[in-house]
Each structure stands twice: as C-alpha cells, then as structure tokens.
Amino acid sequence: RKGRYNSISAVASLISSLKRTKPEILSRATDAVLEELQYAIENPSIRDQQRSIVYAKLLGEMHCQALVSGSIIFDQLYNFVNFDHGIPEALREISLNEQKVNSNILGGPLAVTGTIQEDEEMEEEELKIEPSEKEVEPVAVSKGQL
C-alpha cells in the first residue's frame, strides 16, 4: 500500500527533516497536497474519498510541524465550504473586491474587517487628572491581640 492514515504524522516529520537539506521539498509537497485537495473538490469520486481525507490530514500535520502557515489552512477551509454553491458572479466579484480592500488595510483576509469609531472625541480637559486637595495620610496597622 502507498501509505496509511496513521503514518501521516511521520510523513510530515520527514518533510520537516528533509527541509533542512533540500529546501524545495516543502514547496513541492505543499503544492502537491493543495493540488490533490483541489482536484478532489472539483472531481468528487467515492473511490477517492479516503485519499482526500489523508491529504487533508497531511496538510494539518504540516501545519502542526510549522511547515505551512495558518492562512493556507484557512484558505483551504474556505475553498471546501464555498466551492460550487452557485453564488451569482456579480455578488462573488463584490465580495472578493471587498475582501481585498479589507485585507490590504487591516493585514489579511482573516483579520478584523472594520475599525471602531467613537462618536465623540474626548477633550483634553477630560484627560487631565486633577490633583487631590488633601494629601492621603498613612493609616497605622496593628496586629490584633493574640
């Protein structure tokens, strides 16, 4: 057999170890996993379901080994959830354009999408702390009777 589900963590560990000597292995493995998952989404087949699950687990294990960033994982999850739902093209373009604008401003597609704007600005007088008129006197603390 080509591989087992339980040995996927060992495969991710092997990729991590080989990355030191052959840096291209990481990009090739990541690209192959993402292409296989995209193929599985576009061409669903009962005979390929287990293979797709194994590739998804490999992608997760690669993330656990810090080989793949979280943004790749969330992008792939987004593809799983939103693939072929018949969203009208005009609405899809508007959504993608809004996502690009928000990601450029606030640091990514999964970042905060808006800022909180206060109705009124605090004036400088409100920010100043007024000194108290009386000085605080120290209080004597005594031990209770034993």
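These legends walk through a few views of a predicted model.

Residues are numbered from 1 along each chain as its sequence is written, and side-chain values use heavy atoms, with hydrogens and water left out. Since this is a predicted model, local features need pLDDT of at least 70 and side-chain atom pairs count only at pLDDT 80 or more, while totals for chains, interfaces and linings use all residues.

**View 1. The whole protein has 6 helices and 0 strands.** Helices here are DSSP runs (H or I, at least four residues), as are strands (E, at least two), numbered from the N terminus. Of the 146 residues, 16% count as buried (under 20% relative accessible area, with a 1.4 Å probe and protein chains only).

**View 2. Here is the largest nonpolar core, with 13 residues.** Such a core is a set of buried Ala, Val, Leu, Ile, Met, Phe, Trp, Tyr and Cys residues joined through side-chain atoms within 4.5 Å. Ile-15, Val-33, Leu-58, Leu-59, Met-62, Leu-67 and Val-68 touch the most other members. Helix 1 (8–21), helix 2 (24–42) and helix 3 (49–64) each chip in at least two residues, and helix 2 gives the most, with 4.

**View 3. Now zoom in on Val-68 and what it touches.** Leaving aside residues up to four places away in sequence, Val-68 touches Thr-30, Leu-59, Met-62, His-63 and Ile-73. Contact means heavy atoms within 4.5 Å.

Conventions:
Buried means under 20% relative accessible area, exposed over 50%, partly exposed in between (1.4 Å probe, protein chains only).
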